[in-house]
Amino acid sequence: MTLLTPRALGRATLARQLLLDRTAAPAADVVAHLCGMQAQEPQEPFTGLWSRVRDFRPETLDGLLTGRELVRVPLMRRTIHLVTADDALAWRARHDAMLRQRVLTTYRTELAGVDPDELAAAAHAVMADGEPRTLAELVGAVSDRWPEPPRRALGELIVGGVLPTVQLPPRGLWGSRAGVRNATLSGWLGREVPPLPDDPTDPVGQTLVRRYLAAYGPAASADLRAWCGLAGLPAAVKAVRDELVVFRDERGRELLDLPDAPRPDPDTPAPVRFLPAFDNAILGYQDRSRIIDDAHRGLSVAGERALLVDGRVAGVWTLSDAAVAVTPFRPLSRAERAGVTEEGAALASFLTGGTGDQVRVAAP
């Protein structure tokens, strides 16, 4: 069984994540290929797409959101994801049990005695008029039946658990600071969320496995579980296993992959890339050693924006006073610093609408 080093896995991840070479593919196709982009910080997907799509412009994503081709929904790991409308509909029922359970586990005491199905029916009735509502408005409409639970806990169970919802624009549009207004997913898209097929081989899960490996593989079942928040999809993995090739990593884990997916030579040059907060190139794995050192693993869940140098996280960055400010974790070579400055200037221009191109690199 072929052993893949962290560097080999890292190059595979960069290729699958469109971080080796920017693509000319449409932004909607890129979001679909990536199986969505984590988006609880509404402006971050713009940077994620800019780092992957050649000549990406913010108005492209704005148009996809207002045109209802992309939506912002609670999905993988019960976090807000930017996904295609088709994927939101196809995957929502498969995530339903996980979404409910994660809210109920988080608020076990606060939501004791609340029947999720009764709450779902009441919330559906409130939203049947098609009017978007804030979380506070939605909770206020049902709180007479459930006066005891804290409003935040009850609201999260509604919009993040029992009711398939979408966050409406202008939330998530370029430069917008709009708050969250919720609509039902089916109402916004004009299509019903299909029920799960009564099939023990889990056909929806099979699609998730194939799509995940196309964008993140080679990967272990634990990585798949960490990415989607579902319980490993064992029936789906078993059903597709004969389609897959198998590797091992240096930790002895079994890695699954699609046979024809790209696995570049480990010595393939990797350009400097700036990642947004919570980018799934990092968060899409249980074992993130292919792209980030264990010593820096915490930054990926702390909302820090990561700098990739030679295919690995080598620092963090912010936008400060219209300049990209970089804090590297290690000394950069002259060539690496030049690459950081060039890519950082282009990013600063993008984020400031062309008014700035300054880059400041701090001492490590």
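These are my notebook entries on pockets, cavities, cysteines and one strand pair in this structure.

**Entry 1: ground rules.** I am working with a predicted model, where local features need pLDDT of at least 70, side-chain atom pairs count only at pLDDT 80 or more, and totals for chains, interfaces and linings use all residues. Residues are numbered from 1 along each chain as its sequence is written, and side-chain values use heavy atoms, with hydrogens and water left out.

**Entry 2: the largest pocket.** I looked for open space first. A pocket here is an open set of points on a 1 Å grid over the protein atoms alone, where a 1.4 Å probe fits, with protein on both sides within 12 Å along at least five of seven lines. Lining residues have an atom within 4 Å of a point. A volume is the space filled by probe spheres set on the points, which are joined across faces, edges and corners.

The largest pocket holds about 430 Å³ of space. I found 16 lining residues, and Ile 80, Arg 152, Glu 156, Val 159 and Gln 167 are the closest to the centre. Which element gives the largest share of this lining? Helix H8 does, with 4 residues. H8 spans 151-162; strand E3 (70-74) and strand E5 (165-167) also supply at least two residues each. I take helices (H or I, at least four residues) and strands (E, at least two) as DSSP runs, numbered from the N terminus.

I then sorted the lining by class: 5 nonpolar, 6 polar and 5 charged residues. Ala, Val, Leu, Ile, Met, Phe, Trp, Tyr, Cys and Pro count as nonpolar; Asp, Glu, Lys and Arg count as charged; the others, Gly among them, are polar.

**Entry 3: the second largest pocket.** This one has a volume of about 220 Å³. Of its 15 lining residues, Asp 293, Val 309, Arg 312, Val 313 and Arg 330 are the closest to the centre. Helix H1 (6-16) and strand E11 (312-320) each give at least two residues. H1 has the largest share, 4 residues. By class I noted 5 nonpolar, 3 polar and 7 charged residues.

**Entry 4: closed space.** A cavity is a set of points where the probe fits but cannot get out. I counted 4 cavities of 30 Å³ or more. The largest has a volume of about 80 Å³. Its lining has 14 residues, with Met 37, Gln 38, Arg 52, Asp 279 and Asn 280 the closest to its centre. Strand E2 (37-38) and helix H3 (44-50) each give two or more residues to that lining. Its classes are 7 nonpolar, 4 polar and 3 charged.

**Entry 5: cysteines.** How many disulfides does the structure hold? I found 0 disulfides, a disulfide being a pair of cysteine sulfur atoms within 2.5 Å. The closest cysteine sulfur to that of Cys 35 is in Cys 228, 10 Å away, so the gap is too far for a bond. Cys 35 counts as buried (under 20% relative accessible area, 1.4 Å probe, protein chains only), because its relative accessibility is 0%. Cys 228 also counts as buried, at 0%.

**Entry 6: strands E12 and E13.** E12 (residues 323-328) and E13 run parallel, joined by 4 bridges; pairing takes at least two DSSP bridges. Val 324 stands opposite Val 359 in E13.

Which side chains of E13 (residues 358-361) are buried? Val 359 and Val 361 are, pointing to one face. Gln 358 and Arg 360 point to the other face and are not buried.

Methods: Buried means under 20% relative accessible area, exposed over 50%, partly exposed in between (1.4 Å probe, protein chains only).
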